[in-house]
Amino acid sequence: MARDGEQARAAAEAVARQSYGKLVAFLAARTGDVAGAEDALSDAFAAALVDWPQNGIPQSPQAWLLTAARRKIIDAARRRRSGEAAAGHLRLMVEEMEAASVNAGSIPDNRLALMFACAHPALDPGIRAPLILQTILGFDAAAIASAFLISPATMAQRLVRAKNKIRQAGIPLRVPERDELSDRLDAVLEAIYAIFAEGWSDPDGTDSRRRNLAEEGIWLGRLVVSLLPDEPEVLGLLALMLYADARRVARRNAQGDYVPLAEQDTGQWDASMIEEAEALLRSASAGGESGRYQLEAAVQSAHAVRRLTGRSDWAAIEQLYEILARATGSPVVTINRAVAAAEVHGPAAGLALLDTVAGDALLAEYQPYWAARAGLLARTGDVAAADEAYERAIGLESDPAVRRFLQQRRGELKQTPA
Amino acid sequence: MQYMLLIYSNEAGMQAASKTDAEQMMAAYGAYGEAMKKAGVIRGGERLRPSASATTVRVADGKSKVLNGPYAETKEQLGGYFTIDVPDLDTALTWAARCPGASHGVVEVRPLWPM
C-alpha cells in the first residue's frame, strides 16, 4: 500500500509535469475560467492520490484527471448558476468534454490560446509573465514571487485579480486572427522573454529557482515554435534565448568574477545551442522583414562568430543596432550601438553616439550607460572623465561581481599613463 | 456576454465643433448604430445631455443632499452608452474601436453583471 501510494504519487507528478498546462488550457478554453480550471485540476490530482493506490494507475492518467476535473467544474457551475440557459450551457460543456476525454490520446492543445489570454492587452503587463508561469507550467504563487522578487502575498493577490479579470471581462482563450496576430503575439513573446530574463539575471546560478526560469523560458519558446512554426519572430526569440543561454557559464571565471562578453572564453560556449540558434535564425530570416527578436538574435550571432574567427563582427553589430534603434527608439539600444561603433570607427564615434542620448533622464541612473562611457573615455585617454564615469557606474551596480570588475577597470586607469 | 460601452469625451470640444463637424459626427453614430443592428449585437444605447444638465443626489443621515453638476468634474464626461451582446471581450473591443467616440474621446468597456 505504501509502495502503491508512492507509485501513484510518482505517476501523478509525471502527468502534472508533462501536461498540467495542457489540461488547464483545455478546461479553461471551455469555461473561460482559468482559476476554476486550476482549482478543479488540483482537486482531481488530490482525488488521484486517493484512488490510484487502491484501483491502480489508470491506463490514461490524463483522461482520468480530465474526467475528474470536469466533474468538479460541473459541480461548481451547478452551485453558481441556475435556470434554463445555464442548464443548456452546462449540457453543451459536458458533451464536449465527454467527447474529448473519450479520445484522451488527442486532447486538443489549447495552450497557445491560454497564453494569448494571459498576455491579453486588457491585463496589466507586469502580471502576464507570472500568469503564464502559473497556468502553463503550474508554478505556485510563492515560487513565482521569489523569482520576481516580490512578496508571495502580493503575487498571489495579483494573480487572483488577473484571473478574475479574465473570467469577468470575458477575455477569450483563442489564438487571434491573422490581422491582429502579430500585435498580440508581441505580448506573448515579451512575457516569455521576461521569464527567461528573470532567470538570466542570476549569473552566479546560485538561486536555483531563477536559473530554472531561464530554462522554462526556453521551454515555452520551444512550445510556441511548435505551435506557430511559421512565425519569424517566434523563431527569433527562441534563437535569442539559446544564444544567450549558450554563454551562461562563460559569464563568470573560476573565481566567480564577472567576464564581459568580449573577453569570454569561447570554448566555454555551448556549441550545440549556438548551432540550433543559427538554424532557427536562418529559417526566421526566410520569412521576410525582421522584427526585434530576430535583430537581437542576429546581434548574438555576430558575437558568436568570434568562436570561429576570433573576432565579433562589429560592423554587422553596429548596423543591426542602428536598425533596432530606429525601430524601438530605445536609448538602451543606442548605448549598445555606441559600443559597436567604437569598435568599428574608434572611441570618439562611440562617445558621439552616447552624447545623443545623454539628456535622457533614465540613463542618469543606468549603469551600462556610465560603464560604456567610462570605457570609451578611457580609450580616448581622458582619465579624469573616465574615472568619474566609472564612479557613477560602480555606485549604480547591484551585482557584486560586476562591481568588482568595474572597480578593477577604474584602478587600471591610474596605472596606464595617459 | 453583455458589455456596456461608455463613451467619454471632451464636452467643450464637442460644443465648439462646427455645424458640419457635428452633422458628420451624428451621421457617423447613425451608421455605427445601424451596423450594430445589422450584426445583431446591439441591446440598447442612449445619448446623454451635457454634464451641465446633471444633478447629483446623495442620501446621508436620512436626508437627501442635492448638488448641481456631475459626480466628478473631469474634462472628459460620460456622453452616452451602448449595451451590446457579443461572445467575448475581443469582439466587444472591436465594436468599441469602431465607435466614433473612440476617435475623439475614450470608450470604456465594462461587462454587465449577469442577474
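Two residues are in contact if their C-beta atoms, placed from the backbone, lie within 7 Å. The model is predicted, and local features need pLDDT of at least 70, side-chain atom pairs count only at pLDDT 80 or more, while totals for chains, interfaces and linings use all residues. Residues are numbered from 1 along each chain as its sequence is written, and chains are lettered from A and ligands numbered from 1 in the order in which they are written.

**Exercise 1. The contact between the chains**

Task: State how many residues each chain gives to the contact, and divide the residues of chain B by class.

Solution: Begin with the count, in which chain A supplies six residues and chain B supplies five residues. Then sort the side of chain B that touches chain A, where three residues are nonpolar, none is polar and two are charged. The classes are defined by residue type: Ala, Val, Leu, Ile, Met, Phe, Trp, Tyr, Cys and Pro count as nonpolar, Asp, Glu, Lys and Arg as charged, and the others, Gly among them, as polar.

**Exercise 2. Describing each chain as a whole**

Task: Set out the secondary structure, the extent, the burial and the contact separation of chain A and of chain B.

Solution: Take the elements to begin with, where helices (H or I, at least four residues) and strands (E, at least two) are DSSP runs, numbered from the N terminus. Chain A has 20 helices and zero strands, whereas chain B has four helices and six strands, which follow one another from the N terminus as β-α-α-β-β-β-β-α-α-β.

Next comes the extent along the principal axes: the C-alpha atoms of chain A fill a box of roughly 85 × 50 × 40 Å, and the C-alpha trace of chain B spans about 45 × 45 × 20 Å.

For burial, a residue is buried if 20 or more other C-beta atoms lie within 10 Å of its own, exposed if 12 or fewer, and partly exposed in between, with C-beta atoms placed from the backbone. By this criterion, 41% of the 418 residues in chain A are buried, and 17% of the 115 residues in chain B are buried.

Finally, consider contacts between residues 6 or more apart in sequence: in chain A, 62% of them join residues 24 or more positions apart, and in chain B, 76% join residues at least 24 apart.

**Exercise 3. Two helices of chain A**

Task: Work out how H16(A) and H18(A) are oriented to each other, and which residues meet.

Solution: The axes of helix H16 (residues 331-345) of chain A and helix H18 (residues 367-380) of chain A come within 10 Å and cross at roughly 15°. Axes here are lines fitted to C-alpha atoms, for helices over the stretch in contact, and angles run from 0 to 180 degrees between N-to-C directions. The angle therefore makes H16(A) roughly parallel to H18(A), given that angles under 35 degrees count as roughly parallel, over 145 as roughly antiparallel, 65 to 115 as roughly perpendicular and the rest as oblique.

As for the residues, Ile335(A), Ala338(A), Val339(A) and Ala342(A) of H16(A) meet Pro368(A), Tyr369(A), Ala372(A) and Leu376(A) of H18(A). Sorted by class, this contact has eight nonpolar residues, no polar residues and no charged residues.

**Exercise 4. The sheet and the hairpin of chain B**

Task: Trace the open sheet of chain B, and then describe the pairing of S3(B) with S4(B).

Solution: The open sheet has four strands in the order S2-S5-S1-S6 (chain B), with antiparallel pairing, two strands being paired if DSSP finds at least two bridges between them. Its edge strands are S2 (42-47) and S6 (106-111) of chain B, each of which pairs on one side only, and the twist from one strand to the next averages 20°. Five bridges join S2(B) to the antiparallel strand S5 (residues 76-85) of chain B, and Ile42(B) has Ile84(B) as its bridge partner in S5(B). Helix H2 (residues 19-38) of chain B lies across S2 and S5 of chain B and runs at about 165° to S2(B).

Turning to the hairpin, strand S3 (residues 55-60) of chain B pairs with S4(B) in the antiparallel sense over six bridges. Val57(B) stands opposite Val66(B), and Val59(B) stands opposite Ser64(B). Two residues lie between the strands, and Asp61(B) in the turn has a positive phi of about 50°. The count of buried residues is zero among the six residues of S3(B), and zero among the six residues of S4(B).
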